[in-house]
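Dear colleague,

Please find the structure below, followed by an account of what was found in it. I should be grateful if you would read the account with the coordinates open.

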Amino acid sequence: MATTLAFDVYGTLINTHGVLTLLEDMIGDNAQNFSNTWREKQLEYSFRRGLMQNYIPFSLCTKHALDYACLAHKTQLSDDQKQQLLEQYKILPAFDDVKKGLEQLKAQNYRLFAFSNGAADAVNKLLETAGISELFERVVSADDMKTFKPNPGVYSHFLRETNSTGANTWLISSNPFDITGAISHGMRGAWIKRSEDSIFDPWEIQPTTIATDLVDLENKLEEIN
């Protein structure tokens, strides 16, 4: 049986700070800090919605997080500016290593799936814009379950949808919460450590392997498989 690879999308394949150029035009030197707050709150809001069982689509978590970032940084953006940023979020770029890394993995006969908290239509648009959609068998979205990762039901949903087993499936993510969620559910996890400053949570659950990017990932998987 071919090994299944489940790729997280936002922050792993797609650079969520791809809005920086537009943000810099709007607010200047504080764009990076603003972008960091936006991303952190986007994730926090998805976690809280999942725990509350009060679901809204990931795109609305993103919108609410943008509103929070404006308040936190005392930054006044017009409705038109906010809409421009949200539209940009729909066409974020892939990291430079992604296409080459995916092509190498596909050539090794791994089964490649995009696996995201984002709705399938939004994720498909991102992958198409980035020029990598044809490398995946399909998108599997947490939106189907009306909750978010790391809810264990979302990982079960992925395994059902792809006809995979936990032992034969890797979750590939730059987000530690996603790796711990997948491993806790019986999958294996490869953490993409995109920055030397990135920290993995000091829990009893640790990544099965660590790679610097998707090109490096192929060698790390070969060492284990």
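**Pockets, domains and a cavity**

The principal point concerns the largest pocket: domain 1 (4-14 + 93-223) and domain 2 (16-89) both contribute to its lining, so the pocket lies between them. Please bear in mind throughout that this is a predicted model.

**The largest pocket**

The volume of the largest pocket is about 610 Å³. Its lining comprises 23 residues, and those closest to the centre are His17, Arg39, Ser174, Asn175 and Ser198. Three elements each provide at least two lining residues, namely helix 2 (31-52), helix 8 (176-184) and strand 5 (188-192). Helix 2 contributes the most, with six residues. Sorted by class, the lining holds nine polar, eight nonpolar and six charged residues.

**The domains and their interface**

The chain is divided into domain 1, which takes in 4-14 + 93-223, and domain 2, which covers 16-89. Taken over C-alpha atoms, the centres of the two domains are 23 Å apart. Contact between them involves 15 residues of domain 1 and 14 residues of domain 2. The size of an interface is often expressed as the accessible area lost when the parts come together. Here domain 1 and domain 2 bury about 1,200 Å² between them, with 69% of that area on carbon and sulfur atoms. On the domain 1 side, Tyr10, Phe148 and Phe177 lose the most area to domain 2, and together they account for 46% of what that side buries. The count of salt bridges between the two domains is zero.

**The second largest pocket**

The second largest pocket has a volume of about 330 Å³. Of the 16 residues that line it, Tyr10, Ser59, Leu86, Lys90 and Ala122 lie nearest the centre. Helix 3 (58-72), helix 4 (79-89) and helix 6 (120-130) are the elements that give two or more residues to this lining. Its residues divide into eight nonpolar, four polar and four charged. Both domains supply lining residues here, so the second largest pocket also lies between domain 1 and domain 2. Tyr10 therefore deserves a second look when you inspect this region: the residue is among those nearest the centre of the second largest pocket, and also among the three in domain 1 that lose the most area to domain 2, in a setting where both domains line the pocket.

**The cavity**

Rolling a probe the size of a water molecule over the atoms shows where empty space remains. A search of the whole structure finds one cavity of 30 Å³ or more, and the largest cavity holds about 60 Å³ of space. Its lining is formed by Asp8, Tyr10, Arg39, Leu43, Phe58, Ser116, Asn117, Lys149, Asn175 and Phe177. By class, these are four nonpolar, three polar and three charged residues. Each of domain 1 and domain 2 supplies at least three residues of the lining. Arg39 and Asn175 appear in this lining, and both are also among the residues closest to the centre of the largest pocket.

**Salt bridges**

In the whole structure, 12 salt bridges are found. In one of them, the side chains of Asp8 and Lys149 meet at 3.2 Å, N to O. This pair links distant parts of the chain, 141 residues apart: Asp8 is in the loop between strand 1 (4-7) and helix 1 (20-27), and Lys149 is in the loop between strand 3 (138-141) and helix 7 (152-162). Asp8 and Lys149 both belong to the lining of the largest cavity.

With kind regards

Methods. Residues numbered from 1 in each chain as written. Predicted model: local features only at pLDDT ≥ 70, side-chain atom pairs only at ≥ 80, totals over all residues. Heavy atoms only, no water. 1 Å grid on protein atoms, 1.4 Å probe; cavity = no way out; pocket = protein on both sides within 12 Å on 5 of 7 lines; lining within 4 Å. Points joined across faces, edges and corners; volume = space filled by probe spheres on them. Helix = DSSP H or I, 4+ residues; strand = E, 2+ residues; numbered from the N terminus. Nonpolar A, V, L, I, M, F, W, Y, C, P; charged D, E, K, R; others polar. Domains from an automatic or database assignment. Contact = heavy atoms within 4.5 Å. Buried area = accessible area lost by both parts, 1.4 Å probe. Salt bridge = Lys/Arg side-chain N within 4 Å of Asp/Glu carboxyl O.
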